[in-house]
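Please work through the exercises below with the sequence and the model side by side, and try each task before reading its solution.

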Amino acid sequence: MTMPRKTLILAVLLVVAIWGLLRASSNGYLSAFDASPKNLKLSVHSENNTVTVQWDLSGGSIVRTLTNGRDAIVLVYPDWVEKDEDSWVVLGDPVNLSLSLNGRKAENIGIFAHPFQVSVFNGSARANLRVFAIPVDFPSTVNSGKILLKLKTHYGACNDFTMAVIYFHSTNRGEYRDLVLPLSVGFGERFPVLPGFKSRFNLTIEASKMPEFLRSAVNAHYLGELIEEPRGWLVVKTVNVTVCSPKTS
């Protein structure tokens, strides 16, 4: 066998091997070699009307490159409170979101919010809320990042709420399950609706709704081919947030 023929055969075998690895990763067969939740360091804290999220994901770099997936962080919290029909007041509206990936600041990050409407109670008092999910998506190959979300309110009030921070990592493998997020609200004494109202509640996203929820997250800012059924694992952390209007800061 001549050398050019051997070289050609080796090249064909290499192409077939790479194709096989890409197919295996796209079907999630290499997920056992991908990063796992134990490889994630996720921290969240709130101060001065700003929520800071930082993360570091190690391991599985080869599989993550082959998979070519999209990860996302989703910030979920109660923001709007119904005052009258078609009239809402805010607990902590997003003013600005900044994002750094692998130490480099990302440009032109828009804020997209997906609403959930819920009713919560404290005794006989009832508050109608809109809970917003704000997604931030990025390639699965990103190892570390930081999000700063600045919030504002009005009315001379300080309002409290619990924010859930979801980290989703795409592995192309996994089942959809109900996602239960423990949240809370505490309206300030000068808040124009139910001043002093407090309530703890769960926001449940049913398993049947999780594909849509994750699809909207990983495709939020992505201009490439739509990822229809993102699968993988997720980690949830919560943080208590206090947002004060300028007069009471």
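The exercises that follow go from the whole chain to single strands, a helix and a few residues.

The model is predicted, so local features are taken only where pLDDT is at least 70 and side-chain atom pairs only at pLDDT 80 or more, whereas totals for chains, interfaces and linings use all residues. Residues are numbered from 1 along each chain as its sequence is written, and side-chain values use heavy atoms, with hydrogens and water left out.

**Exercise 1. The whole chain**

Find how many helices and strands the chain has, and what share of its residues counts as buried.

Solution. Begin with the secondary structure, where helices (H or I, at least four residues) and strands (E, at least two) are DSSP runs numbered from the N terminus; the chain has three helices and 13 strands. Next take burial, where buried means under 20% relative accessible area, exposed over 50%, and partly exposed in between, with a 1.4 Å probe and protein chains only; by this measure 41% of the 249 residues are buried. Finally, consider contacts, meaning heavy atoms within 4.5 Å: of those between residues at least 6 apart in sequence, 74% join residues at least 24 apart.

**Exercise 2. An open sheet**

Work out the strand order of the open sheet of five strands, and say which strands stand at its edges.

Solution. Two strands count as paired if DSSP finds at least two bridges between them. The order is β1-β2-β9-β5-β6, and the pairing is antiparallel. β1 (40-47) and β6 (104-105) are the edge strands, because each has a single partner strand, and so one side of each has no neighbour in the sheet.

Now follow β2 on both sides. With β1 it pairs in the antiparallel sense over eight bridges, and Leu40 has Leu57 in β2 as its bridge partner. The two strands form a hairpin with two residues between them, and Asn48 in the turn has a positive phi of about 55°. On the other side, seven bridges join β2 (residues 50-57) to the antiparallel strand β9 (residues 144-152); Val51 stands opposite Leu149, and Thr50 has Lys150 as its partner in β9. Six of the eight residues of β2 are buried.

**Exercise 3. Two faces of one strand**

Decide which side chains of β12 point to the buried face and which point to the other.

Solution. In a regular strand the side chains alternate between the two faces of the sheet. In β12, Ser199, Phe201, Leu203 and Ile205 point to one face and are buried, while Lys198, Arg200, Asn202 and Thr204 point to the other and are not buried. Lys198 lies in this strand, which spans residues 198-205, and it counts as partly exposed because its relative accessibility is 49%. Beyond residues up to four places away in sequence, Lys198 touches Phe121, Asn122, Val185 and Gly186. Strand β11 (residues 179-186) pairs with β12 in the antiparallel sense over eight bridges, with Val185 opposite Ser199.

**Exercise 4. One side of a helix**

Identify the buried residues of helix α3, and explain why they lie on the same side of it.

Solution. In α3 (residues 210-218), the buried residues include Met210, Pro211, Phe213, Leu214, Ala217 and Val218. They lie on the same side because they cover an arc of only 160° around the axis, the arc being that of the directions from the helix axis to the C-beta atoms.

**Exercise 5. Salt bridges**

Locate the salt bridges, and state for each partner whether it is buried or exposed, or partly exposed.

Solution. A salt bridge is a side-chain nitrogen of Lys or Arg within 4 Å of a carboxyl oxygen of Asp or Glu, and the count by this rule is two. One joins the side chains of Arg70 and Asp137 at 2.7 Å, N to O. This pair links distant parts of the chain, since Arg70 is in strand β3 (residues 70-84) and Asp137 in strand β8 (residues 125-139), 67 residues apart. Arg70 and Asp137 are both buried. In the other, the side chains of Arg231 and Glu229 meet at 3.6 Å, N to O; Arg231 is partly exposed, because its relative accessible area is 22%, and Glu229 is exposed, with 51%.
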